[in-house]
Amino acid sequence: PSKGVIRAESVGSRASLFKKVDPKRKDFSILSWKWKVSNVVRSAIETRKDRFDSAARVMVIFGEEPGFKLFGGGEPYGLKIEYIWATRLPKGRLFDHPGEKNCKIFVLESGEEKVSQWVYEERDIRKDFKTAFGKDPDGVIAIGIQTDTDHSNEMVTAYYSEPILKKR
């Protein structure tokens, strides 16, 4: 894929991009995307606040419309799920974000095995929300991507296709 691909490069920093979800799509449940990373963040320990870096991350923010400050320079706020490409944590792991409340993390890929390869992901975000938070979600208000090495000072380049939200 090259059309509509986003390249995020991070050298001891964090690169994030959020897109507001069209209110007509807020109850859609299937999110799909492709991603590829140049490497994993070797010194990352995702469960520790001071080492929480990730080569690639797709974020889904749930909530009510008024809690949205996307263009005010901050991240949108609400209950959040993050899907990450981890360094060592096993695929399938679900854990609490070490530095943020109301944020749960699913490990979708891990390690170097698929580095430099496009990997297709598809998630039922409403089901994942229920698994993570134990209740049904409000609508989706934003979807974001992030490549993050601000704790490790390592370098990583990640590529993302635009995440697509659709009905089941």
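## Ser 54 in strand β4

Ser 54 is buried, with a relative accessible area of just 1%, and its place is in strand β4. The model you are looking at is a predicted one, so please read every distance here as a computed value. The side chain of Ser 54 reaches the backbone oxygen of Ala 56 at 2.9 Å.

Who surrounds this serine? Setting aside its neighbours within four places in sequence, Ser 54 is in contact with Val 41, Ile 84, Trp 85, Thr 147 and Asp 148.

## Ser 10 in strand β1

Another serine to visit is Ser 10, which lies in strand β1 (residues 5–11). With a relative accessibility of 0%, Ser 10 counts as buried, because the cut-off for that label is under 20%. The side chain of Ser 10 makes a polar contact with the side chain of Thr 149, at 2.7 Å.

If residues up to four places away in sequence are not counted, Ser 10 touches Thr 147, Asp 148 and Thr 149, and also Glu 154, Met 155 and Val 156. Thr 147 and Asp 148 are on the contact list of Ser 54 and on that of Ser 10.

## Strand β9 and its partners

Next comes strand β9, residues 140–148. Nine of its nine residues are buried, so β9 is largely enclosed by the rest of the structure.

Which strands pair with β9? Strand β2 (residues 14–20) runs antiparallel to β9 and is joined to it by seven bridges; Lys 20 has Ala 142 as its bridge partner in β9. Strand β4 (residues 54–62) is also antiparallel to β9, again with seven bridges. In that pairing, Met 59 is matched with Gly 144 of β9.

## The largest pocket

The largest pocket has a volume of about 280 Å³. Its lining consists of 15 residues, and those nearest its centre are Lys 19, Lys 20, Ile 143, Glu 162 and Pro 163. Lys 20, one of these, is the residue bridged to Ala 142.

Strands β2, β9 and β11 (164–166) each supply at least two lining residues, and β2 gives the most, with four. By class, the lining of the largest pocket divides into nine nonpolar, one polar and five charged residues.

## The second largest pocket

At about 190 Å³, the second largest pocket is lined by 16 residues. Nearest its centre lie Arg 14, Phe 52, His 97, Glu 100 and His 151. Strands β4, β5 (79–86) and β9 each supply at least two residues of this lining.

What is the make-up of the lining by class? The second largest pocket has three nonpolar, four polar and nine charged lining residues.

## His 97, a pocket residue in a loop

His 97, among the residues nearest the centre of the second largest pocket, sits in the loop between β6 (94–96) and β7 (103–110). Is this histidine buried or exposed? His 97 is buried, since its relative accessible area is 12% and the limit is under 20%.

Leaving out neighbours within four places in sequence, His 97 is in contact with Phe 52, Glu 82, Cys 103 and Ile 105. Phe 52 is 45 residues away along the chain, while the C-alpha atoms of Phe 52 and His 97 are separated by 8.7 Å. Phe 52 also lies among the residues nearest the centre of the second largest pocket. Within the loop region, a polar atom of the His 97 side chain lies 2.9 Å from the backbone nitrogen of Gly 99.

Methods
Residues numbered from 1 in each chain as written. Predicted model: local features only at pLDDT ≥ 70, side-chain atom pairs only at ≥ 80, totals over all residues. Heavy atoms only, no water. Buried < 20%, exposed > 50% of the residue type's maximum accessible area, 1.4 Å probe, protein only. Contact = heavy atoms within 4.5 Å. Polar contact = N/O pair within 3.5 Å; in protein donor to acceptor, adjacent residues only side chain to side chain. Pairing = 2+ DSSP bridges. 1 Å grid on protein atoms, 1.4 Å probe; cavity = no way out; pocket = protein on both sides within 12 Å on 5 of 7 lines; lining within 4 Å. Points joined across faces, edges and corners; volume = space filled by probe spheres on them. Nonpolar A, V, L, I, M, F, W, Y, C, P; charged D, E, K, R; others polar.
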